[in-house]
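This note is addressed to a colleague meeting the structure for the first time. The points below are numbered so that each may be checked in turn against the coordinates.

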Amino acid sequence: MAMCTILRCASVSLTSSLPRLSNRNALTPARLLARTCYKRALSTTTRFCAALKFTDKHEWVRVDSGVATVGISNFAQEALGDVVYCGLPEVGTKLAQSDEFGALESVKAASELYSPLTGEVTDVNDALADNPGLVNKSCYKDGWLIKMTVSIPEELDGLMNEAAYERYIKSIED
Amino acid sequence: MILRLLNRACVLSGSVRLKSTLSTFFDEMGKSGIILKSATTGIFENLALEDWIHDHVDLQNRSMLLLWRNSPAVVIGRHQNPWQECNLPLMRRLGIPLARRRSGGGTVFHDFGNINMTFFTSKKKYDRHRNLKVITSALKALRPDLEVAATDRFDILLNSHYKISGTAAKLGRTSAYHHCTLLCSVDRSVLSSVLKSNTSEVIKSNATPSVPSPVRNLLDVDPTLDSDTIMNAIASQYSNEFGFDGPVITVDPTHEALMPGIHKMAQDLQMWEWIYGRTPKFSVCSSLVVDDVTVKLDMDIKNGAVEQCAMEIPEDWLPSEMVNEFTSALNGSKYCPNEAAVLVAAFTRTVSVTADVAEKIHRLCAGVVSVM
């Protein structure tokens, strides 16, 4: 959770350093961020480029130099229980947004994973083969699932930022 | 035409109006709980029926129970290794098919003496303990002296010791299903022999393992308990527990018009790429004895295909170039006895070898195939 706070601070400082835009092109800070990561290389991108975006299926996406890293949220890993196996796709698999790309097996059930974006899988977290528990222990860092290209950057705009996701979780818990 | 199909395919209560699919029929029925029974006993058709219902029926405000039985089959969990879990050569000899389901969990043996129950709900209403309570309550209502109880692992034990039911589940986008078995009068000798792998010691894998347990049939403790009686009791208890009413509807999962796409789902479940190809990466390390010679075999299998194959064979028995040709022939092939035999036979035809060497290669192949 501390990591999320750091990312939030980074995103705020990034937006303040960007040039002002006319009202016609008024963009939300999140949108500015998403576009910036593809169109320009900022010096601040070396550590934290983009904030986490979330899907309503409790997956998170973080984009860094055009490559999206995907994982499941803390809410999801808590709900799943101990993960005993990660069924992930092959590198090179092409995914459309919402395509099922694998499953996490826990004592709870086999839970399907849905792609947050359209793109191609470039990397799969091999550490999970011998240590599937990383998904529970470090869901935002070492427990990442796949990396993929971002074919349709606009899809990121449709995802929730951290604050919106937190509100979403509260609404479903009630 | 669909009306005729409906009449033939489904035993329905009340008036039958023209419906386009089973899904819209349920919507129009307006019931919040439905009990279904499958009309077929094919494992792939029934697994496809589960998937179809999960994908197409609106389960947000409706729950369903599906009762089904199969002719003999072995069913492995989504992330399991069949070579580790069951005796594939024995199953081939007995004509018992292997299926891989989409839910997690371990390996089970089905035959007509086993009842399968699938509880479909929204993700919010997913509650395995409540479902298992339906089963234990139903059994106790039939025979109050029966000692049956669910465990933390979602097994049901008879007399606190014998497993009579195992559970697996799948969580999808918005809905979930929990399915479980119930041993009524299963052939236990077939069960124990097919669920014992002949090659587990030579396999190194991180696939999800089964937890073997001693089992018993309900029939063993009470010969008057037959599958039909038990199924009716469970259907009745399900209605009581969840406050539903309505008859049990029989559905034929082979009727494409009622369930568009179901035929392809059943076909997909029978593909080699799904059943064997989805096995997590594993390695085989075995010492074979061929013609009194010890052959060390090392293979890496990925997606059910031989990714890498190496053999250590005494040079005086078979020259190393022959060994290299043999291992090259297997590289990239399906980890499957038929495929291996065909490839090796083809390679011995293309390479000029003496009859003696050809015989040795043939016997070596038989040895390698014995671990497949």
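1. Four salt bridges are found across the interface of chain A and chain B, a salt bridge being a side-chain nitrogen of Lys or Arg within 4 Å of a carboxyl oxygen of Asp or Glu. In one salt bridge, the side chains of A:E100 and B:R78 meet at 3.2 Å, N to O. The side of chain A that touches chain B draws at least two residues from each of β4 (83-87), β6 (100-106), β7 (110-114) and α4 (127-130) of chain A. Helices (H or I, at least four residues) and strands (E, at least two) are DSSP runs, numbered from the N terminus. A network of salt bridges links A:E100, A:E112, B:R78 and B:K170.

2. The model is a predicted one, in which local features need pLDDT of at least 70 and side-chain atom pairs count only at pLDDT 80 or more, while totals for chains, interfaces and linings use all residues; side-chain values use heavy atoms, with hydrogens and water left out. Residues are numbered from 1 along each chain as its sequence is written, and chains are lettered from A and ligands numbered from 1 in the order in which they are written.

3. How extensive is the contact between the two chains in residues? On the chain A side 21 residues are in contact with 20 residues of chain B, where contact means heavy atoms within 4.5 Å. The area buried between chain A and chain B is about 1,600 Å², and carbon and sulfur atoms give 47% of that area. Buried area is the accessible area (1.4 Å probe) that two parts lose on being put together, summed over both. Between the chains, 14 residue pairs are in polar contact, both residues being at pLDDT 80 or more. A polar contact is a pair of N or O atoms within 3.5 Å; within protein, one must be able to donate a hydrogen and the other to accept it, and residues adjacent in sequence count only if both atoms are side-chain atoms.

4. Two annotations come from unreviewed UniProt entries. UniProt lists residues 67-149 of chain A as "domain: Lipoyl-binding" and residues 59-246 of chain B as "domain: BPL/LPL catalytic". Positions are given in the numbering used here, feature names are shortened, and annotations may be inferred rather than shown by experiment. The chain A span is 18% helix and 42% strand, with end C-alpha atoms 5 Å apart. The chain B span is 28% helix and 28% strand, with end C-alpha atoms 17 Å apart.

5. Chain B as a whole contains 14 helices and 16 strands. Its C-alpha trace spans about 80 × 50 × 35 Å along the principal axes. Of the 372 residues of chain B, 53% count as buried; buried means under 20% relative accessible area, exposed over 50%, and partly exposed in between (1.4 Å probe, protein chains only). Among contacts in chain B with a separation of 6 or more, 74% are between residues 24 or more positions apart.

6. The whole structure holds 23 salt bridges over all chains. One of these joins the side chains of B:K31 and B:D245 at 2.9 Å, N to O. B:K31 lies in the loop between α2 (22-29) and β1 (33-38) of chain B, and B:D245 in the loop between α9 (227-242) and β13 (248-251), so the pair ties together parts 214 residues apart in sequence. B:K31 is partly exposed at 29% relative accessibility, whereas B:D245 is exposed at 51%.

7. A further salt bridge pairs B:D222 with B:R143 at 2.5 Å, N to O. B:D222 is in the loop between α8 (218-221) and α9 of chain B and B:R143 in the loop between α6 (128-142) and β7 (148-150) of chain B, 79 residues apart. Is B:D222 buried or exposed? B:D222 counts as buried, at 14% relative accessibility, while B:R143 is partly exposed at 23%.

8. Helix α12 (residues 320-330) of chain B has as its buried residues B:M322, B:V323, B:F326, B:T327, B:A329 and B:L330. These residues lie on the same side of α12(B) because they cover an arc of only 155° around the axis, the arc being that of the directions from the helix axis to the C-beta atoms. Their cover includes β16 (305-312), α13 (337-350) and α14 (355-369) of chain B. Just after α12(B), B:G332 takes a positive phi of about 85°.
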